[in-house]
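Me: I'd like to go through this model with you and test the labels one by one. Could you set each value against its cut-off as we go?

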Amino acid sequence: MRKNKAFALSIFLSFATSVSFSQIVNPSEPSSGRLNSPYSRFGVGNWAENRGINLRGMGGIANGYSSDHVINAFNPASYTYLGATSFEFGLSAASNSVRINELVTNSSTLTISHLNLAFPIIRKKLAMNIGYMPVTNVYYKTQDSSFVDGMGAVKNTSNGQGGLNYGFVGLSGGAGGFSVGVNAGYLFGSIKHSSYLNGVDSNAMNLRVTDISSKYGFSGFYFKAGAMYRATLKNNHYLSIGATTALKQDINTTLDDYMVVGTKPVSIIDPIVVDTISANYNQQTVLTMPQEYGFGIHFGKQSSYNIGLDVNYYDWSDFKLGEHQTGVPAYNNAYRLGLGGEVLPNPKATMKQYFSAITYRLGAYYGMDYLRINNTDINYWGMTVGAMLPFRPSPNSEQHGALNFALDFNNRGTLDNGLAREFTTRFTVGLKLNASWFQRRKYE
């Protein structure tokens with residue numbers, strides 16, 4: 001028993017202090033319909049795109065965007081400007097290509113991107129939104145080998161899966177062009193990391209398999225606030241300025257971790273003997289979410305066009321995930337810059353002029369990720385295009401439906417210092433419906 005513990009701990013420590021990337025198992029992995037991203041093994045995983053489809057097509061410029069008929073859950077202050085009840089639902093299909101040295105692997109996935117139902121309570125003064133969105137996602141499967149004294153080559157297969165989700169209710173109110181709002185909801189989910197170590201002991205008599213796993217469970221309230229000012233200018237032009245923030249917040253977290261060693265003679269067909277080295281369940285700890293600040297500005301003409309600029313900053317200095325973070329990289333204070341716009345060629349187009357009734361979108365973004373691995377920053381950039389195809393013209397009418405499309409080409413990471421470069425193509429499609437629900441009408 002004591003010998004088994006020493007064996008397992010020596011292997012565990014040799015891997016726990018390393019943050020270099022392993023090779024992906026093989027080009028066909030994973031087979032579970034998820035994006036295989038080696039960067040998702042750190043922190044709380046890869047951050048999901050939590051902007052609506054229309055905003056994704058414009059480079060994600062969400063802080064200062066408001067509309068009479070489009071929900072912007074990224075800035076809850078925007079709900080006040082809605083002119084009718086709006087329902088939005090989206091699906092996102094993504095394909096990811098990861099390169100590490102000369103090895104390339106491909107994976108793909110299909111997920112729900114967002115769900116929102118927003119409605120004015122007092123038109124242009126008070127509004128509410130009920131929504132859901134993914135926040136982070138984790139999936140990776142890697143394989144590496146290491147040399148351990150007295151054992152020779154030991155194979156390490158690591159994998160992880162899970163993520164965070166957010167269900168919320170948003171409320172906003174304002175007057176005279178000003179608006180403030182807040183999204184208040186529940187952050188929940190789970191993330192599991194596992195490492196499987198395989199080797200033969202020093203006398204080549206026994207095969208040893210070690211399973212080291214940890215599973216985090218998250219549940220807690222989470223809040224995000226926003227403010228916005230929209231000024232009406234001459235000739236139906238407008239200027240919109242917005243800001244958002246999510247302060248440092250602690251989320252209740254439970255941790256289950258265990259280490260199990262299995263032993264089996266190499267030359268004998270016998271069942272494997274399992275020895276539990278350690279097992280700790282339902283440990284109470286905490287996830288401290290980073291602070292977030294955003295600012296955006298938009299200029300446009302009502303029902304014709306708009307162009308905007310977005311800046312987001314993320315303070316990771318107080319980020320914390322439990323007390324069991326051996327071998328994690330450094331966390332950067334991250335940022336994201338976005339630029340984009342949309343144009344509707346003819347707001348009064350008829351069905352015979354359908355292509356003039358489509359809203360066309362274009363954008364780009366650049367940023368630095370929150371991970372710093374092997375003394376190397378992880379940067380990313382992307383280009384986006386999008387469109388809104390109305391079921392019938394007059395997109396600003398109270399009774400209106402449309403299909404929204406967005407295509408995002410994203411490049412992340414570097415091949416320097418043993419790291420990975422990811423190229424992701426993400427296509428999002430969604431349904432948008434507007435109606436005059438929950439509104440009192442005046443009768444003459």
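Me: How many cavities of 30 Å³ or more does the structure hold?

Reply: Happy to help! This is a predicted model, and the structure holds three cavities of that size. The largest cavity has a volume of about 230 Å³, and the second largest has about 60 Å³.

Me: What makes up the lining of the largest cavity?

Reply: Its lining has 21 residues, with His69, Ser303, Ser304, Asn306 and Glu342 nearest the centre. Two or more lining residues come from each of β13 (305–315), β16 (334–343) and β17 (359–373). By class, the lining has seven nonpolar, nine polar and five charged residues.

Me: And which residues line the second largest cavity?

Reply: Among them are Asn50, Arg51, Phe74, Glu88 and His114. The lining of the second largest cavity divides into four nonpolar, four polar and two charged residues.

Me: Turning to the rings, why is the pair of Tyr216 and Phe218 called stacked?

Reply: The structure holds 14 aromatic pairs. For Tyr216 and Phe218, the ring centres are 6.1 Å apart, and the cut-off for a pair is 6.5 Å. Their planes stand at 10 degrees, and planes under 30 degrees apart count as stacked, so the pair of Tyr216 and Phe218 is stacked.

Me: How do you know whether Tyr216 and Phe218 are buried or exposed?

Reply: Buried means under 20% relative accessible area. Tyr216 has 5%, so Tyr216 is buried. Phe218 has 4%, so Phe218 counts as buried.

Me: Why is the pair of Tyr331 and Tyr370 called stacked?

Reply: The reasoning runs along similar lines. The ring centres are 5.8 Å apart and the planes are at 15 degrees, so this pair is stacked. The pair links distant parts of the chain, with Tyr331 in strand β15 (residues 330–331) and Tyr370 in strand β17, 39 residues apart. Tyr370 has a relative accessible area of 2%, so Tyr370 is buried. Tyr331 and Tyr370 also belong to one aromatic cluster, together with Trp47, Trp316 and Phe319.

Me: What makes Lys224 a charge over the ring of Phe74?

Reply: The charged end of Lys224 sits 3.4 Å from the ring centre of Phe74, and the distance cut-off is 6 Å. Phe74 is also one of the residues lining the second largest cavity.

Me: Which ring does Arg230 lie over?

Reply: Arg230 lies over the face of Tyr238, at 4.0 Å from the ring centre. That value is again within 6 Å.

Conventions. Residues numbered from 1 in each chain as written. Predicted model: local features only at pLDDT ≥ 70, side-chain atom pairs only at ≥ 80, totals over all residues. Heavy atoms only, no water. 1 Å grid on protein atoms, 1.4 Å probe; cavity = no way out; pocket = protein on both sides within 12 Å on 5 of 7 lines; lining within 4 Å. Points joined across faces, edges and corners; volume = space filled by probe spheres on them. Helix = DSSP H or I, 4+ residues; strand = E, 2+ residues; numbered from the N terminus. Nonpolar A, V, L, I, M, F, W, Y, C, P; charged D, E, K, R; others polar. Phe/Tyr/Trp six-rings, centres within 6.5 Å; stacked < 30°, edge-to-face > 60°. Buried < 20%, exposed > 50% of the residue type's maximum accessible area, 1.4 Å probe, protein only. Lys NZ or Arg CZ within 6 Å of the ring centre and 35° of its normal.
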